[in-house]
Amino acid sequence: MNDVQQSLQAFLNSNPDIEIFEIMLPDIGGGMRGKWVTRDKIHKVFAGEVKLPASSIAFDTWGRDIEAWVFNGGDGDGYCEADVRTLARVPWMPRPTAQVLMSMREADGSPGVLDPRFMLRAIMARFAELGLTPVLATEMEFYLLQEDADILGRPRHTQTDRVGGRLQAGQTYCLDTMASMSELMHGIRDACEIQQLPVDTLIKEGAPSQYEINLYHSPDALLACDQAVMLQRAIKGVARSQGLLATFMAKPFGELAGNGMHVHCSLLDAEGNNAFDDGTGKGTPLLRQAIAGCMANMADSMLLFAPHLNSYRRFRRGTHAPLAPCWGYENRTVSLRVPTDQPAATRIEHRVAGADAHPHLAVTAILAGMLAGIEQQLEAPPPITGNAYDQVPLSLPRYWPDALDRFRDSAFIRDNFGPEFQRVMTLMKEQEMDDFDRQVTPLEYDACL
């Protein structure tokens, strides 16, 4: 019995009541696909005997086939490979249930060309060839809402005034507000402990009904992204079990703060030391090369940081959502912040992605940018001091079609994600965009009818 099968059997022995396993495949659109399998079939899952249609990895945001792509290759099967490190109980389910994340291999056993987890592994391997290991942590914001929408279909806040209306502000960092949601927050903490998700802090954010949960840093980028996906699922699941709705939508309310996903990243050298640490907190030349690479390729990667139409509503002046590639020390108006900390903790905080971004794809884009800066020995411009919105012209794509155009033609995307991923993702977003283009909004009727 190999190590994976031993770990599986140990889990089964420790959880004799588990009836159902959710075998979960993160698709490129950010959805979670897969099957429920019974306890007696889980060994076959870990033996690589479970198949799903190859199109399962590339459904659009509504779970539909990409019509311009799906039948061209016959829509054959891919083989699913379970990662035992993500095997965990699902405490919010009413019946004893466990879950595990999977990757999809091609029919010949090679890594799936559309699988985000394999793409991230490939970037990690390129860092390893340089004797470097990325260390990552994610911070994700979300809204906690009433389960039912209002009569017009709009989401309803959990933080309200005395007559049930939305508060004008959300009591940032307020402990009393956290205490009022203690049942949910403790439920999330308990779920994270059961699933071995290394939660750092739980925070009340600035907008009404908005919160943030941070994960500890990990020297395994794949595991860090897996944990980000599992954390989002845990928050949603626990909220649902308590009659609430948690959303990571980038901008649920046009006049309120959006939900971001900030990614903190440093690099370890072959001796396990922080390769960005020069002993002063200012950082080594390697830090500035990594920053320069992120800046040079940020616009091409925008579709991965902001994948949906709604994503672009985050990017407005004065909202802490960056509008241009720039960097600075301890400056939250820039896109790449170097936080003040102990020199040994010198790192980049990448502040562009929304909480609706696919963690594996967004992190792959960030690491690929850092790698390009290091390999090409790029030099970052001087750091920004003061308000970056007043100093740096807007240059990141501000609208979905513009981001798609950059993505479609990008050599950086093609070289780091592969031409087939670039093509299929483009077709997916064109299909989604076509649906949105056919919708006429109430605002348009008010203005023009």
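How many salt bridges does the structure hold? In this predicted model, the count is 28, and several of these pairs are described below together with the nonpolar core, a surface patch and some local backbone features.

Among the salt bridges is one in which the side chains of arginine 117 and aspartate 226 meet, with a distance of 2.7 Å from N to O. This pair links distant parts of the chain, since arginine 117 belongs to helix H3 (residues 116-129) and aspartate 226 to helix H6, with the two positions 109 residues apart in numbering. Both partners, arginine 117 and aspartate 226, are buried.

A salt bridge within a single helix is formed by lysine 429 and glutamate 432, whose side chains meet at 2.9 Å, N to O. Because lysine 429 and glutamate 432 are three residues apart in helix H12, about one helical turn separates them. Lysine 429 and glutamate 432 are each buried. Elsewhere, salt bridges that share partners join Asp60, Arg64, Asp434, Asp435 and Arg438 into one network.

Glutamate 330 combines a salt bridge with a backbone feature. The residue is found in the loop between strand E12 (327-329) and strand E13 (336-338), and its side chain meets that of arginine 337 in a salt bridge of 2.6 Å, N to O. The two partners differ in accessibility: glutamate 330 has a relative accessibility of 33% and therefore counts as partly exposed, being between the limits of 20% and 50%, whereas arginine 337, at 6%, counts as buried. The phi angle of glutamate 330 is near 45°, a positive value in a residue other than glycine. A positive phi, of about 50°, also occurs at glutamine 377, which likewise is not a glycine. Glutamine 377 lies in the loop between helix H9 (359-375) and H10, and with a relative accessibility of 61% glutamine 377 counts as exposed.

The loop that follows helix H10 (400-408) and precedes helix H11 (411-417) contains serine 410. At a relative accessibility of 2%, serine 410 counts as buried. A polar atom of the serine 410 side chain lies 3.2 Å from the backbone nitrogen of phenylalanine 412, and, when residues up to four places away in sequence are not counted, serine 410 touches Asp300 and Gln422.

Turning to the nonpolar interior, the largest core has 124 residues, and Met370 and Phe421 are those with the most contacts inside it. Helix H6 (residues 221-241) supplies the largest share of this core, namely eleven residues. Apart from this core lies another one, of five residues, which include Tyr143, Leu145, Ala207 and Phe253. With neighbours within four places in sequence left aside, methionine 370 is in contact with Phe127, Cys265, Leu267, Phe276, Ala290, Cys294 and Ile348.

Nonpolar side chains also appear on the surface, where Trp62, Leu309 and Phe436 make a patch of about 280 Å². Of these, phenylalanine 436 is found in helix H12 (residues 419-437). Phenylalanine 436 has a relative accessible area of 35% and so is partly exposed, which places it above the 30% cut-off that patch residues must exceed.

Notes
Residues numbered from 1 in each chain as written. Predicted model: local features only at pLDDT ≥ 70, side-chain atom pairs only at ≥ 80, totals over all residues. Heavy atoms only, no water. Core = buried A, V, L, I, M, F, W, Y, C linked by side-chain atoms within 4.5 Å. Buried < 20%, exposed > 50% of the residue type's maximum accessible area, 1.4 Å probe, protein only. Helix = DSSP H or I, 4+ residues; strand = E, 2+ residues; numbered from the N terminus. Contact = heavy atoms within 4.5 Å. Patch = residues over 30% accessible without salt bridge, like charges linked within 9 Å, V, L, I, M, F, W, Y side chains within 5 Å. Areas by Shrake-Rupley, 256 points an atom, 1.4 Å probe, with all protein chains shown as cover. Salt bridge = Lys/Arg side-chain N within 4 Å of Asp/Glu carboxyl O. Polar contact = N/O pair within 3.5 Å; in protein donor to acceptor, adjacent residues only side chain to side chain.
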